[in-house]
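Hello,

Here is the structure for you to look over. My notes on it follow below.

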Amino acid sequence: GDVYKRQGINAEYGGSWLAKWYATNNRVSPGKQAESGNLAPSTGPSYGSEEPEAKTPYPNQATSFFTLFFRLSCILVYLFCSWFTSNFVMVFVICVLLSAADFWTVKNVSGRVLVGLRWWNYVDAETGENHWVFESIPDNSQLDERNRRLFWGALYITPIVWLLLLIGAILQFSLTWSLVVVTALTMTGSNLVGYYKCQKDHKAQAQQYATNFLFSQATSFMGQPAPAPAPASAPASGNYPERSSMY
């Protein structure tokens, strides 16, 4: 019977050496088994059939654009202005205007929209003291992580770039161009210091809120009266055990 079986497989596969090898090992290819009904075809998803996940659009695109636009524009004008003009006054005015626009945008719009923070300071007219005021949203879990990375990255990288440009201007003994760099570095550095303090204040408030919440929960739990013990049930009449006398 085994001989006939092998002969049948050889005839099915045309007598090739591959068919003889399959016949020797007493098996057939999965494709033939699927055609003959001995092996169910795969019902899993084929390669490349998975639908790609829809990417969420980038939130707050206009705010993110202007957060980077004024900063990059000021740096590019400073670096490549000599290709187009030698008028220092015009370049200085353009850089100051771009730095001022960046300072106002980041301080009043970008921080509030992208990371939920806002800061300002004022000088007390009576005492002359400088007071910092910080605002933050209580729950920033709804903010997009991409906006956070963009905001903090631009906030930290831009002052570093201006600091490097200041070092280069000093090494070249270019005091006039150093004035441009110092102006831009002052404005970007002010936002960096303000938002750093605002972020630090927000973390302190969050920790204080968590501590107060845990303390209030523990106090309320300890102040609750202890539950009264359940009354002991007396045994039914007539079921008392007989007491034997020792005497």
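**What turned up**

Start with the largest pocket. H6 gives the largest share of its lining, 3 residues. This is a predicted model, so please read everything here in that light.

The pocket itself has a volume of about 160 Å³. Its lining is made up of Tyr78, Leu79, Cys81, Ser82, Leu165, Gly168, Ala169, Gln172, Ser174 and Trp177. Two helices each supply at least two of these residues: H4 (61-80) and H6 (145-171). By class, the lining has 6 nonpolar residues, 4 polar ones and no charged ones.

Stay with H6 for the helix packing. Its axis and that of H5 (residues 88-115) come within 9 Å. They cross at roughly 145°. On the H5 side, the contact is made by Val106, Ser110, Gly111, Leu114 and Val115. On the H6 side, it is made by Asn147, Arg148, Leu150, Phe151, Trp152 and Leu155. The contact of H5 with H6 counts 7 nonpolar, 3 polar and 1 charged residues.

Two of those H6 contact residues, Phe151 and Trp152, turn up again among the aromatics. They belong to one aromatic cluster together with Trp119, Trp132, Phe134, Tyr156 and Tyr195.

How many aromatic pairs does the structure hold? The count is 16. One of them joins Phe80 and Trp83. Their ring centres are 5.0 Å apart, and the planes stand at 65° to each other. That pair is edge-to-face because the angle is over 60 degrees.

Are Phe80 and Trp83 buried or exposed? Phe80 is partly exposed, with a relative accessible area of 34%. Trp83 is exposed, at 64%. The cut-off for exposed is over 50%, so Trp83 passes it and Phe80 does not.

One more residue to find on H6 is Leu164. Leu164 is nonpolar by class, yet it is exposed, with a relative accessible area of 57%. Where does Leu164 sit relative to Val181? The two are 17 residues apart in sequence. In space, they are 9.6 Å apart, C-alpha to C-alpha.

If you open the model, try this order:

- the lining of the largest pocket, with H4 and H6 in view
- the contact of H5 with H6
- the aromatic cluster that includes Trp119 and Tyr195
- the pair of Phe80 and Trp83
- Leu164 in H6

Best wishes

Definitions and conventions. Residues are numbered from 1 along each chain as its sequence is written. This is a predicted model: local features need pLDDT of at least 70, side-chain atom pairs count only at pLDDT 80 or more; totals for chains, interfaces and linings use all residues. Side-chain values use heavy atoms; hydrogens and water are left out. On a 1 Å grid over the protein atoms alone, a cavity is a set of points where a 1.4 Å probe fits but cannot get out, and a pocket is an open set with protein on both sides within 12 Å along at least five of seven lines; lining residues have an atom within 4 Å of a point. Grid points are joined across faces, edges and corners, and a volume is the space filled by probe spheres set on the points. Helices (H or I, at least four residues) and strands (E, at least two) are DSSP runs, numbered from the N terminus. Axes are lines fitted to C-alpha atoms, for helices over the stretch in contact, and angles run from 0 to 180 degrees between N-to-C directions. Contact means heavy atoms within 4.5 Å. Rings of Phe, Tyr and Trp (its six-membered ring) pair if their centres lie within 6.5 Å; planes under 30 degrees apart count as stacked, over 60 as edge-to-face and the rest as tilted. Buried means under 20% relative accessible area, exposed over 50%, partly exposed in between (1.4 Å probe, protein chains only).
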